[in-house]
Structure formats: C-alpha cells, structure tokens
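Hi,

Here is the structure I promised to pass on to you. Have a look at it first, and then read on for what turned up.

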Number of protein chains: 2
Amino acid sequence: MMTKKFEEKTITSESIYKGKIIDVRVDDVELPNGQSSKRELIDHPGAVAIIAITDENKIVMVEQYRKALEKSIIEIPAGKLEPGEKPEITAKRELEEETGYQADTLDYVVSYYTSPGFANEIIYVYEARGLMKVEDALEGDDDEFVELMEVTLDEALQLIKEQRIHDAKTIHAIYYLMQQEG
Amino acid sequence: MMTKKFEEKTITSESIYKGKIIDVRVDDVELPNGQSSKRELIDHPGAVAIIAITDENKIVMVEQYRKALEKSIIEIPAGKLEPGEKPEITAKRELEEETGYQADTLDYVVSYYTSPGFANEIIYVYEARGLMKVEDALEGDDDEFVELMEVTLDEALQLIKEQRIHDAKTIHAIYYLMQQEG
C-alpha cells in the first residue's frame, strides 16, 4: 500500500517523558534495508486553528508569548484538542475563548502535520465568518495571556516581513486568504 | 519592547532528554500575573525546505516514511541544519542529496516556526530554479529512504485532497506557487 512505503517497523519503544501536553518516546526501528535506527518522537493531542474574518474583512489575530521562542508572536487563534473532542467543537471553543467571537459559519479548510520529522501534531484549520461578539464569553486557560488584534491582509503581509507573524499556520492562513481573494 | 509582551521568566529549567535531533526540557515560568506554570519544550536545530521547480514547471517532491505519523507522505525536500551551518548551504546540500539536482538560482522565500506552542524548530524556505541533474550526486543519510517525484500544481492540489501531501511546509509551498502564478 502506497501509504506504507518504506515502512519502519517498531522493534522497541521507550517512554522518556509523559507530560501535560506532550509525551516523548524513542523507538528502535527496522529500516527497509534490514538495518536499525532510532527515532525520537513526540506525541501531541492535535490542535485546531481558525481563520476568522470580520464583517470589515479583517483577520482576527492574537499576540502571545511563546516560551519555546522566548518572544511574542502574532498568530491566528488556535488551541489543543481535549481528549475525544471533535475538532469543530474545539474550534468553536477556542475562537470564543481567545477572541470573544462566535461565528455564523465555521467551514473546514484543510489539515496538516506541523513537524512530521519528529511529532504527530496535526492541525485542523477552519474558516469562520459572520462573527459576533459574545457577552460573557468563555474564558481561556488561566496560564494564557493573549492580546486580540484585527488586521487587513496588507497589514498581515507587512507583519510577516517584520517576523512578528512567524509561524507556519498563520503564514499558511494568509496565503490561503490571498488565494481566496484572487 | 513589543516582542517581549507577556514575557514568561524562567524560574527553573529541567533537562529531560538530550537526543540526536531533539532535546526536551520542562521550564517553570513566572507568568505576567505573578503566578507560575510549567512549559514542556523541545529544542530543535532548525531546518530548511526547498520549493524546487523544474524547467517543465513541475514541483520536485520526495515521498518518505514518517515514523511519527506511521505513514508515508509526499513532501518538498527538506533537512536539518548542521551545527553552525548557514541555511542556504543546508538547502543546497539537501536538494542535491534528496533529489540529485543542483540549482542555478536559490532564493530565500520566508522562515517560520512550525509548532511555537512547544518547539523552537524554525524552517527556512528557499525557491530553487534552473535545476540540473548532477552525476555522482551527494548521498543522504544512510537511514533515509526517499522516492523522488515531480508533480504539476494541479496534481499537488489533488494530493492535498487525498492527504498524501499532509504537512504544513508542503501545503504552504503549494499555496505560495499558486500565488506566484496569479
């Protein structure tokens, strides 16, 4: 089967760390040529990201500090899946928690793995339109500090140049919107 | 400074694992509200990806097994930075190793973090044109098995639908090319 080409069979799997968000393991694998190698792997629950467009045709963004990068960047709203949660439900929840918006329409766009070389994190991307501010919106996790922004496509392109937008999902979203606008 | 907004100061940092490709650590951080939280973090050396276009206007792709996903996917050529290596050098090397091509022109496109919530992996993206097959091309790592493909933009869009192209960098590359072609 095409999707199993060059399969690497697991010989042993060693759990290194079980965390709140990620698990780490090292697998010994048998390569297609019969030799063996090690694979350092991260298990992640998966996430959603939301391309949310206001009635004024602005893109909803959040600025937040990313400890892994030791800087704040501007991203489209996103969040992790809870165990067993359908991505569409996560998307609605995260949109409301991070931005205070509910959407009239929430359409699936695409899904992708972020770092297939070492992690199984998948992001399900949705497009939200018909945004309305909610009174008493859901609140986010108490260790998340985000600042809401709404930017035009031109402003977003400038933010990419300045590397204040600097992550794959947000840059993909902006190219997707350019494509939509033809 | 804007890029330090909501900074999370490190209180303690615990090394969990030092691997061949990734290191894992857990940081205790002080949040902007004075409370503390834990951050599970992956250190990664960074990588390059190459949008390589043949004279027949086809996109050069490689199919390879991704242990983290337990399936084979089709991606643009990519590879990790060696310590101290300039991304442009890595891009030339990986293009030749994975595809057997050298390029007349290699232009920087953009860079982005793949998973800013937990990893500092950054990808530097280059566009390669004027491709020529090299005799006695550099050979890749001996634990890498890849199969070369060359696809049109329409074929690439179909491969996204079939989820045989299923990672962020390759999907970004295809949107980038659609944008280029107007």
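A word you'll need right away is "buried": it means that a residue has under 20% relative accessible area, while exposed means over 50% and partly exposed covers what lies in between. Keep in mind that this is a predicted model.

Let's try the word out on Asp27(B). Its relative accessible area is 2%, which is under 20%, so Asp27(B) is buried. You'll find Asp27(B) in strand β2 of chain B, residues 23-30. Leaving aside neighbours within four places in sequence, its contacts include Thr10(B), Thr12(B), Ser13(B) and Glu14(B), as well as Ser37(B), Lys38(B), Arg39(B) and Leu41(B). Asp27(B) is also in contact with Lys67(A), from the other chain. If you want a sense of distance, pick Asp27(B) and Val134(B): they are 107 residues apart in sequence, and their C-alpha atoms are 46 Å apart in space.

Now for chain A as a whole. It has three helices and 10 strands, and from the N terminus they come in the order β-β-β-β-β-β-β-α-β-β-β-α-α. The C-alpha trace spans about 60 × 40 × 30 Å along its principal axes. Of the 182 residues in chain A, 54% are buried. Among the contacts in chain A with a separation of 6 or more, 56% are between residues 24 or more positions apart.

UniProt has an unreviewed entry that places "domain: Nudix hydrolase" at residues 42-173 of chain A. That stretch is 21% helix and 42% strand, with its end C-alpha atoms 25 Å apart.

Next, zoom in on helix α2 of chain A, residues 153-161. Which of its residues are buried? They are Leu153(A), Ala156(A), Leu159(A) and Ile160(A). Looking down the axis of α2(A), you'd see these buried residues fall within an arc of 115°, so they line one face of the helix. Asp154(A) and Lys161(A), on the other side of α2(A), are exposed. And what do the buried residues of α2(A) pack against? In chain A the partners are β5 (59-66), β6 (71-75), β10 (146-151) and α3 (168-181), and chain B adds β8 (101-113).

Helix α3 of chain A deserves a look of its own. Thr170(A) sits in this helix, and with 0% relative accessibility Thr170(A) counts as buried. Beyond its neighbours within four places in sequence, Thr170(A) is in contact with Met61(A), Ile74(A), Glu75(A), Ile76(A) and Ile165(A). His44(A) is 126 residues from Thr170(A) along the chain, and their C-alpha atoms are separated by 19 Å.

Glu181(A) belongs to α3 of chain A too. Not counting residues up to four places away in sequence, Glu181(A) touches Asn57(A) and Leu153(A). Asp167(A) is 14 residues from Glu181(A) along the chain, with 22 Å between the two C-alpha atoms.

Those names come back when you look for empty space inside the model. Rolling a probe the size of a water molecule over the atoms shows where such space is left. How many cavities of 30 Å³ or more are there? The count comes to one. The largest cavity has a volume of about 60 Å³, and its lining is made of Ile53(A), Asn57(A), Ile59(A), Arg129(A), Leu153(A), Leu177(A) and Glu181(A). Sorted by type, the lining residues are four nonpolar, one polar and two charged.

Last, a few backbone angles. Most residues other than glycine have a negative phi. Here are some with a positive one:

- Phe6(A) is not a glycine, yet its phi is positive at about 60°. Phe6(A) lies in the segment before β1 (9-18) of chain A, and at 22% relative accessibility it counts as partly exposed.
- Glu70(A), also a residue other than glycine, has a positive phi near 55°. You'll find Glu70(A) in the loop between β5 and β6 of chain A, partly exposed with a relative accessible area of 31%.
- Gln163(A) comes just after α2(A) and takes a positive phi of about 55°.

Over to you, and have fun turning it around on the screen!

Cheers

Definitions and conventions
Residues numbered from 1 in each chain as written. Chains lettered and ligands numbered in written order. Predicted model: local features only at pLDDT ≥ 70, side-chain atom pairs only at ≥ 80, totals over all residues. Heavy atoms only, no water. Buried < 20%, exposed > 50% of the residue type's maximum accessible area, 1.4 Å probe, protein only. Helix = DSSP H or I, 4+ residues; strand = E, 2+ residues; numbered from the N terminus. Arc of directions from axis to C-beta. Contact = heavy atoms within 4.5 Å. UniProt positions renumbered as here; feature names shortened; annotations may be inferred. 1 Å grid on protein atoms, 1.4 Å probe; cavity = no way out; pocket = protein on both sides within 12 Å on 5 of 7 lines; lining within 4 Å. Points joined across faces, edges and corners; volume = space filled by probe spheres on them. Nonpolar A, V, L, I, M, F, W, Y, C, P; charged D, E, K, R; others polar.
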